[in-house]
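Me: Please take one part of this model and go through it closely, giving the cut-offs behind each term as you use it.

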Amino acid sequence: MNVSVCAREAVTHNDVRRVHVLREDRLAHYPEFRAFFVRMFALDDLAMDSPGYLRGPSGNAYELIFLGRSGERFPSGLEIYALVEALEPMDETAVDSDLWQILRWMFAGVGGEWSVDTLDETGRLYRIPAAILVDNDETRNSKPSTTGATS
Amino acid sequence: MPAPSSSAEGIELPDWLRAQWPYRPRYARVNGYRMHYIDEGQGDPVVLLHGNPTWGYLYREFVAPLTAAGYRVIVPDMIGFGLSEKPSIEQAHTLDGHIANLTALLRSLDLKRITLVCHDWGGPTGLGFALSNLGRMHSLVLMSTWAWPMPSSEFHTRMFPWRTMHAPLVGPYLLGRHAALVKRGLYLSVVDRERFRREAQAAYEFVLPDPADRLLTWAWPRWIPIDNAARALHRFSWLEEQLKSCTLPTLLIWGREDDTFNPEIFPQRFKALLPHAEGPCFVTGRHFLQEDSGPEIAARIAEFVNGHHLRAVT
């Protein structure tokens with residue numbers, strides 16, 4: 001299962017807890033990454049009206065909170081929250097693996113000089129467990145998708 | 001490895017680390033932050049500056065020989081690293097801010113006749129202080145660093161691994177969540193990796209135990225200019241211009257195996273800016289050359305400073 005963009009209704013319900021798992025303060029450190037999120041979540045139109053939602057390969061859902069900062073183009077930053085059962089511990093291994101797949105999805109979507117293969121190679125260099133798992137999975141020909149149902 | 005415990009003044013070191021770093025912790029307020037440093041020995045000051053992702057511990061093999069040689073040794077931990085305060089927001093870190101933090105410490109100690117030993121980000125930071133406080137300076141030692149706006153080698157422009165690991169979200173994931181620079185990055189950047197793993201690795205990991213503590217490990221590399229949009233371009237240009245007229249005695253020391261700041265390129269660029277500089281003296285070492293050649297480098301620094309003190313007297 002690949003990373004897919006979801007509608008809010010498909011991933012949230014009343015008894016859910018949001019767990020902060022990753023924050024980026026400089027989404028435009030390389031501007032093409034900011035542009036990717038603007039494109040994927042129609043942020044030029046929707047701006048701060050609604051978070052974005054993703055479903056990871058584990059089946060977990062993630063909420064993307066886009067951050068604004070005076071003097072910088074929106075969004076300047078991004079927080080990712082795992083949406084988990086309200087009273088249950090988070091499966092950290094599954095979330096970490098999903099985050100890696102979200103990074104791969106992002107690289108595939110940004111494109112150009114940013115390649116998923118280079119990201120995987122970087123992950124392996126630094127012995128990131130999820131990157132090593134991907135390496136094993138590649139033998140089964142899984143590739144990230146840049147598309148999905150948009151809300 | 002047990003998690004560090006905190007006191008009102010900072011992290012308390014466990015016995016195994018205290019045995020390697022036995023120095024009395026001291027703290028100063030700099031620009032609103034708590035900065036840790038050590039201050040050992042008597043004599044003219046030698047200030048040892050670390051970079052990313054290290055702390056004063058990098059110089060553990062320097063303190064005893066330099067104090068024995070008759071110098072006062074001061075080793076600060078940059079704000080965001082080591083036993084100093086670690087601000088929780090990325091915007092807390094700027095090159096000018098780090099220069100001003102160092103300036104606040106060294107002025108509060110009223111140091112004069114300073115020999116400044118600069119490594120990695122300790123270069124732009126230390127030189128920022130030195131070149132705006134020339135009246136307090138005696139000499140410079142530069143190791144595996146740079147001080148100009150555009151890259152001198154391809155390392156920092158490569159997609160693999162440099163630009164990829166510092167891409168949005170990737171930096172906080174790799175270097176924050178997974179401590180990539182503190183663990184694997186340091187390990188890959190020494191020559192004797194097994195000795196490093198056995199004797200030193202845990203000390204670097206100990207002071208940056210959680211993702212939030214490691215913010216500067218991914219935030220700081222993004223300040224390295226690789227194009228004209230870089231944030232600190234004007235400061236690096238200023239550093240380069242000021243170095244051209246700098247006459248401070250200078251010693252260049254580089255690791256022969258340095259694959260971050262190429263030993264065939266970077267020392268020569270410093271020599272072009274500072275034609276009077278001594279060296280480069282090449283030692284066994286990659287980027288973290290202190291880990292492979294600490295006692296040899298400490299001896300060279302003592303010899304260099306002694307020599308210039310004698311020349312000043314005679």
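Reply: What follows is about chain B, taking a pair of helices, then a cavity and then the border with chain A.

The model is predicted, with local features needing pLDDT of at least 70 and side-chain atom pairs pLDDT 80 or more, while totals for chains, interfaces and linings use all residues. Residues are numbered from 1 along each chain, chains are lettered from A in the order written, and side-chain values use heavy atoms, without hydrogens or water.

Helix α3 (residues 95-108) of chain B and helix α11 (residues 233-244) of chain B have axes that come within 9 Å and cross at roughly 55 degrees (helices are DSSP runs, H or I, of at least four residues; axes are fitted to C-alpha atoms over the stretch in contact, with angles from 0 to 180 degrees between N-to-C directions). α3(B) and α11(B) are therefore oblique to each other, a term for angles outside under 35, over 145 and 65 to 115 degrees. On α3(B) the contact (heavy atoms within 4.5 Å) is made by Leu95(B), Asp96(B) and Ile99(B), and these meet His234(B), Arg235(B) and Phe236(B) of α11(B); three of the residues are nonpolar, one is polar and two are charged.

The structure holds one cavity of 30 Å³ or more, where a 1.4 Å probe on a 1 Å grid fits but cannot get out. The largest cavity has a volume of about 50 Å³, and its lining (an atom within 4 Å of a point) includes Trp146(B), His156(B) and Phe261(B); six lining residues are nonpolar, one is polar and none is charged.

Across the border, 26 residues of chain B are in contact with 32 residues of chain A.

Terms used. Helices (H or I, at least four residues) and strands (E, at least two) are DSSP runs, numbered from the N terminus. Ala, Val, Leu, Ile, Met, Phe, Trp, Tyr, Cys and Pro count as nonpolar, Asp, Glu, Lys and Arg as charged, and the others, Gly among them, as polar. On a 1 Å grid over the protein atoms alone, a cavity is a set of points where a 1.4 Å probe fits but cannot get out, and a pocket is an open set with protein on both sides within 12 Å along at least five of seven lines; lining residues have an atom within 4 Å of a point. Grid points are joined across faces, edges and corners, and a volume is the space filled by probe spheres set on the points.
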